[in-house]
Amino acid sequence: MKKISKMVGATMLCAGMMFSSAVCASGGDENNTFAEGAYKAKVMESIGHGKRVYFAGPLFNQAEKDFNLAMTKILEEHGYQVFLPQRDGIEAVKLEGKTEEEVVRMIFELDVREVRNADIVFMNLDGRVPDEGACVELGIAYGIGKRCYGIKTDARTAETMFELNPMISGCMIKIFRNFDGEKLKDELMQYLSENEL
């Protein structure tokens with residue numbers, strides 16, 4: 001367990017460094033926007049309009065998995081090719097007989113490769129705080145210029161000054177928010193019928 005904690009800590013430190021270099025690279029321009037518009041146009045100019053999506057988020061109980069899968073299906077129905085770790089990641093049978101260190105390395109390398117291969121990271125931000133692994137994936141994606149979007153139905157942080165840590169929301173082109181998950185699905189479908197991510 002200590003090994004995993006150390007690896008997670010080191011990974012989060014790397015993600016933080018990527019955030020810092022990306023912000024420094026922007027030259028601190030006060031007109032730099034992370035909202036839909038100028039930022040999206042800048043990213044699309046550099047990497048194009050590809051439709052490969054890496055879906056990041058918690059996947060540790062059935063409710064989370066069901067919600068992630070429902071969102072993935074909406075994206076796929078609108079022409080996006082989605083890598084969903086809970087569905088498309090390493091099969092459990094391939095992890096049998098491996099050491100903890102080997103399992104960590106296999107999962108880490110696959111997910112980093114898929115983030116790099118994606119055009120878009122689409123992140124489920126639900127939870128008391130967003131999932132730590134998904135935050136690392138977001139940091140990697142933002143640091144290499146991917147288009148980043150979020151979805152949020154969780155009301156636990158709605159009353160705070162910053163609903164999300166600015167280092168997370170600042171990476172996003174757009175965050176779809178609705179405390180009603182079914183309404184959020186409808187809003188996402190409506191948006192995708194009129195816009196590209």
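The following exchange looks at salt bridges, cysteines and the sheet in a predicted model.

User: What should I know about the model before I read any values?

Analyst: This is a predicted model, in which local features need pLDDT of at least 70 and side-chain atom pairs count only at pLDDT 80 or more, while totals for chains, interfaces and linings use all residues. Residues are numbered from 1 along each chain as its sequence is written, and side-chain values use heavy atoms, with hydrogens and water left out.

User: Why is the contact of Glu-114 and Arg-52 called a salt bridge?

Analyst: A salt bridge is a side-chain nitrogen of Lys or Arg within 4 Å of a carboxyl oxygen of Asp or Glu, and the side chains of Glu-114 and Arg-52 meet at 4.0 Å, N to O, so the pair fits the definition. The two residues link distant parts of the chain, since Glu-114 belongs to helix α6 (residues 100-117) and Arg-52 to strand β1 (residues 52-56), 62 residues apart. Helices (H or I, at least four residues) and strands (E, at least two) are DSSP runs, numbered from the N terminus.

User: Which of the words buried, partly exposed and exposed fits Glu-114, and which fits Arg-52?

Analyst: Buried means under 20% relative accessible area, exposed means over 50%, and partly exposed lies in between (1.4 Å probe, protein chains only). Glu-114 has 16% and therefore counts as buried, whereas Arg-52, with 33%, is partly exposed.

User: What else does Glu-114 touch, and what makes that a contact?

Analyst: Contact means heavy atoms within 4.5 Å, and, leaving aside neighbours within four places in sequence, Glu-114 is in contact with Arg-52, Tyr-54 and Phe-83. Tyr-54 has Phe-83 in β2 as its bridge partner.

User: How many salt bridges are there, and what makes Glu-109 and Arg-105 one of them?

Analyst: The structure holds six salt bridges, and the side chains of Glu-109 and Arg-105 form one of them at 3.9 Å, N to O. These two residues are four apart in helix α6, which means that about one helical turn separates them. Salt bridges that share partners also join Glu-76, Arg-87 and Asp-88 into one network, and within it the closest N and O atoms of Asp-88 and Arg-87 are 3.0 Å apart.

User: How do you know that Cys-148 and Cys-171 form no disulfide?

Analyst: A disulfide is a pair of cysteine sulfur atoms within 2.5 Å, but the sulfur of Cys-148 is 6.0 Å from the closest cysteine sulfur, in Cys-171, so the pair is too far apart for a bond. Cys-171 is likewise in no disulfide, and a search of the whole structure finds zero. Cys-148, at 0% relative accessibility, counts as buried, and Cys-171 counts as buried at 2%.

User: Why are β1 and β2 said to pair, and which strands stand at the edges of the sheet?

Analyst: Two strands pair if DSSP finds at least two bridges between them, and three bridges join β1 to β2, which run parallel, so the definition is met. The open sheet of five strands has the order β2-β1-β3-β4-β5, with parallel pairing. β2 (81-83) and β5 (174-177) stand at the edges, each with a single partner strand, so one side of each has no neighbour in the sheet.

User: Where does helix α6 lie, and what is its angle to β1?

Analyst: Helix α6 lies across β1, β2 and β3 (120-124), running at about 135° to β1, where axes are lines fitted to C-alpha atoms, for helices over the stretch in contact, and angles run from 0 to 180 degrees between N-to-C directions.
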